[in-house]
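This briefing introduces one protein model to a reader who is new to structures. Please look over the sequence and the structure before reading the points, and keep them in view while you read.

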Amino acid sequence: MDSLLERDNCKSRSEFIDKALNFYMGYLVSEDTTGYLSKILISAIQGTLKETENKNSSNLFRLSVEMSMMMNILAAGLEISEEELRSLRGRCVQQVKKTRGNVSIEEAIKFQQGIGE
């Protein structure tokens, strides 16, 4: 049972036992178990989605921190006007839309060197 507590998102044995009893009692009193099992499946899917959402949020936060650090390091060493920055932002927005986020450093280097687009 202890190994299944985390798998079922239970914080205690009592909560796990409560869920198990509710499931079994629902199964016994239901002549057609498909409706009851559907609720269980929905609950399981929602738990999995919530866990995935939490992991994605955490990863996005870490990525944002790293991007902020990188941008500050670059900004400290570059002299770029507000107009150039605005123009670059517009180009980058268009490039991300066009490539659906598949942006490469090679393409950025070519652009900055005046090769290609």
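## The nonpolar surface patch

On the surface of this predicted model, a nonpolar patch is formed by Leu60, Leu63, Met67, Met70, Met71, Leu74, Leu78, Ile80 and Leu85, which together have about 870 Å² of accessible area.

- Helix 3, which covers residues 33–77, provides the largest share of the nonpolar patch, with six residues.
- Ile80, one of the residues of the patch, sits in the loop between helix 3 and helix 4, the latter covering residues 82–99.
- With a relative accessible area of 44%, Ile80 is partly exposed, because that value falls between the limits of under 20% for buried and over 50% for exposed.

## The largest pocket

- The largest pocket holds about 1100 Å³ of space, and of the 25 residues that line this pocket, Met71, Leu74, Leu85, Leu88 and Cys92 are the closest to its centre.
- At least two residues of this lining come from each of helix 3, helix 4 and helix 5, and helix 4 gives the most, with ten residues.
- Sorted by class, the lining of the largest pocket consists of 17 nonpolar, five polar and three charged residues.
- Met71, Leu74 and Leu85 are named both in the nonpolar surface patch and among the residues closest to the centre of the largest pocket.

## The second largest pocket

- The second largest pocket has a volume of about 470 Å³, and of its 15 lining residues, those closest to the centre are Asp8, Lys19, Ile40, Ser43 and Ala44.
- Helix 2 and helix 3 are the elements that give two or more residues to this lining, and helix 3 gives the most, with seven residues.
- By class, the lining of the second largest pocket divides into six nonpolar, five polar and four charged residues.

## Salt bridges

- The whole structure contains five salt bridges, and one of them joins Arg13 to Asp2, with the closest N and O atoms 2.6 Å apart.
- Because Arg13 lies in helix 2 and Asp2 in helix 1, this pair ties together parts that are eleven residues apart in sequence; Arg13 is partly exposed at a relative accessible area of 47%, and Asp2 is also partly exposed, at 43%.
- Asp8 and Lys19, which are among the residues closest to the centre of the second largest pocket, meet through their side chains in a salt bridge with an N to O distance of 3.7 Å.
- Asp8 lies in the loop between helix 1 and helix 2 while Lys19 lies in helix 2, so this pair ties together parts that are eleven residues apart in sequence; Asp8 is partly exposed at 31% relative accessibility, and Lys19 is partly exposed at 34%.
- Glu51 and Lys55 form a salt bridge with their closest N and O atoms 3.5 Å apart, and both residues lie in helix 3, four residues apart, about one turn of the helix.
- Glu51 is partly exposed at 39% relative accessibility, whereas Lys55 is exposed, with a relative accessible area of 52%.

## Positive phi angles

- Most residues other than glycine have a negative phi.
- Asn9, which is not a glycine, has a positive phi of about 60 degrees; Asn9 is placed in the loop between helix 1 (2–5) and helix 2 (13–29) and is partly exposed at 42% relative accessibility.
- Arg100, also a residue other than glycine, has a positive phi near 55 degrees; Arg100 is placed in the loop between helix 4 and helix 5 (105–112) and is exposed, with a relative accessible area of 81%.

Terms used:
Residues are numbered from 1 along each chain as its sequence is written. This is a predicted model: local features need pLDDT of at least 70, side-chain atom pairs count only at pLDDT 80 or more; totals for chains, interfaces and linings use all residues. Side-chain values use heavy atoms; hydrogens and water are left out. Patches are made of residues with over 30% relative accessible area and no salt bridge: like charges are joined within 9 Å, nonpolar side chains (Val, Leu, Ile, Met, Phe, Trp, Tyr) within 5 Å. Accessible areas come from the Shrake-Rupley method with a 1.4 Å probe; for residues, only the protein chains shown count as cover. A salt bridge is a side-chain nitrogen of Lys or Arg within 4 Å of a carboxyl oxygen of Asp or Glu. Buried means under 20% relative accessible area, exposed over 50%, partly exposed in between (1.4 Å probe, protein chains only). On a 1 Å grid over the protein atoms alone, a cavity is a set of points where a 1.4 Å probe fits but cannot get out, and a pocket is an open set with protein on both sides within 12 Å along at least five of seven lines; lining residues have an atom within 4 Å of a point. Grid points are joined across faces, edges and corners, and a volume is the space filled by probe spheres set on the points. Ala, Val, Leu, Ile, Met, Phe, Trp, Tyr, Cys and Pro count as nonpolar, Asp, Glu, Lys and Arg as charged, and the others, Gly among them, as polar.
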